[in-house]
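Let's take a friendly walk through this structure, one stop at a time. Have the viewer open as you read.

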Amino acid sequence: MNGPIIRAVIFHFIFTATFAAAFPVRSQESQALADSVKTEFLHAWNAYKQYAWGHDALKPLSKTPHDWYGVSLCMTPVDAFDTMVLMGLKDEAAEAKRLILDSLTFDRNVEVQSFEITIRLLGGLLSAYQLDGDRRFLDLAEDLGDRLLPVFSSSTGMPYRYVNLQTGKIRDSINNPAEIGTSLLEFGTLAKLTGKEIYYEKAKKALTALYARRSPVGLMGTWINVETGEWTNTTAHVGGAIDSYYEYLIKAWLLFGDRECLEMWQTHIAAINTHLADTSSGGLWYGQSEMETGKRTGTRFGALEAFFPAVLCLAGDTARAARLEESCYRMWTHHGIEPEEIDYATMEVKSPAYYLRPEIIESAYYLYRTTGDERYRSMGRTFFRDIRKYCRTDAGYAHLKSVITKEKADAMESFFFAETLKYLYLLFAPEGTIDFRNTVFMTEAHPVRRTWN
C-alpha cells in the first residue's frame, strides 16, 4: 500500500472516530431526533398493520406476513407494545393490546425455541403488565411460563432448547450458555408477580448448574450437553450463544438482589478481562480463547458482542465500557453500518449481514445515561442516520444481506421494534421518559421494575 493510500485510510479512521465528539447533539436537536425515531417506528408499524396484521412479523420487501411456527403467536405486537407505551403512542398501544388479548393463545400444538419465546413473549407480556396494569397480560405470561417449564426437566436442571406448547414434549439436549442462562429475569419476575417461586427456582437452578461447569480459569464454552453436563464446544468468548448469560448475572443482582449472581459475575469478569480482552490490534476488543486454558484462538468480534459495553456500565466499569464502545463505533463506520462479524486484527468482514441489531445502540444509551457524555448521543445520531439510509423500505425496514453492497434481505425481526427503535428513542428522549436508575431491561429490552419486597 503506497503512502497516499495509507494516509487516506488513517484520515478516514481519525475522522469517523472524532466526528461524533466534534458535533454534539444539542437539546433541541435531541428532541427532533426522538420525534424522528417515533416517526420511523410508525412507518414500520403501519406497514406491519397493512401487510401482516395479526401475524408474527412482516417481510418488508415482498410485503407478506411471516409466522415462526405456522401459526401466529403475535410476536411483533407483544414485542413492540412497551415501546409504544414509552413513546406515548396511545392509539397504537391500544390496538396492539386488543389484538393480543383477543387473539393470542399458547394452547398450540407447536414446538418452539424456549429461549426466543421467553425473551420476546414472556418478557414482553410481563413488561406490558407492569406498564399497563391489565391482569390479562400477567395471566397470559403465567400460562406461557407453565408451558415452558418442561424444558428444565433434564437431569442437570439445565434446559432443553425446544418444547411443544401443548404437549410439553422437549428435545435437543445440546444447548448453549445464552439459552441456558437467559431466563432468570423473565421467570424470576413472573415468580415475584404471581407469588409462585417455582419459576425463580427452575431458572436459578439452570444458571447455577451451568456456572458449576465453568473452566478452571473461569470461562464458559459455547455448547454443552444438558443431560451429561459435558461441553461439546469449548471456545470461550462474549458473543452469540454466550452473551446474555453474562448479562443476566449482573442484572439478576440489580433486579432481585441475588448476591450469588453478583459473585458469579465477579468470577467471570475477572476471567474475561484476563483471557478474552485484547488490545494488541489497537483499541479494546474481546476475542476468542480456549475455555480450559484461556489461550487465545481468534480475533473475531461483531454486532452481538457490542452489547458488552452496556453490561460493563452496569457493573461500574465505565472506563473499559467507553474504550470498547469506541471499537464498536469503528466497526460500524468502517462500511457505513456494522456487519455481523469482523476480524478485528485486519478489520476484514467475516459475516457481512446486518440484521437491524440493537446492541451497539443499547451500549451507547447506557454510556450516555451513566456518564452524561454527549458523544454517545452523537454516535446514536450516526446509527439512526445509517439505518434509515440503508435499511428503510416502502414497507418498514429490512435486513441487509451485506453491509458492503447494501443489498437488502426480506426480513424485519420483532426486536427492531422492541430494542433497536426503543434504545434509539430513549437515547434522544428527555431523561424522565423512563426511570433509568430503577429499571432493568431484559435482554429483549423489555423494561421491568422491582415492585415487590
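Helices (H or I, at least four residues) and strands (E, at least two) are DSSP runs, numbered from the N terminus. This is a predicted model, in which local features need pLDDT of at least 70, side-chain atom pairs count only at pLDDT 80 or more, and totals for chains, interfaces and linings use all residues. Residues are numbered from 1 along each chain as its sequence is written, and side-chain values use heavy atoms, with hydrogens and water left out.

Start with the largest pocket, where a pocket is, on a 1 Å grid over the protein atoms alone, an open set of points where a 1.4 Å probe fits, with protein on both sides within 12 Å along at least five of seven lines; lining residues have an atom within 4 Å of a point. Its volume, the space filled by probe spheres set on the points, is about 530 Å³. Of the 29 lining residues, Phe 115, Glu 116, Asp 243, Leu 304 and Arg 357 are the closest to the centre. Helices H5 (114-132), H7 (177-181), H10 (243-256), H14 (359-371) and H16 (415-428) each supply at least two residues of the lining, and H5 gives the largest share, 4 residues.

Next, find Leu 184 in helix H8 (residues 184-194). Leu 184 counts as buried (under 20% relative accessible area, 1.4 Å probe, protein chains only) because its relative accessible area is 0%. Leaving aside neighbours within four places in sequence, its contacts (heavy atoms within 4.5 Å) include Tyr 200, Leu 207 and Phe 256.

Finally, Asp 67 sits in the loop between strand E2 (64-66) and helix H3 (75-87). A polar atom of the Asp 67 side chain lies 2.8 Å from the backbone nitrogen of Asp 56.

Key: Polar contact = N/O pair within 3.5 Å; in protein donor to acceptor, adjacent residues only side chain to side chain. Buried < 20%, exposed > 50% of the residue type's maximum accessible area, 1.4 Å probe, protein only.
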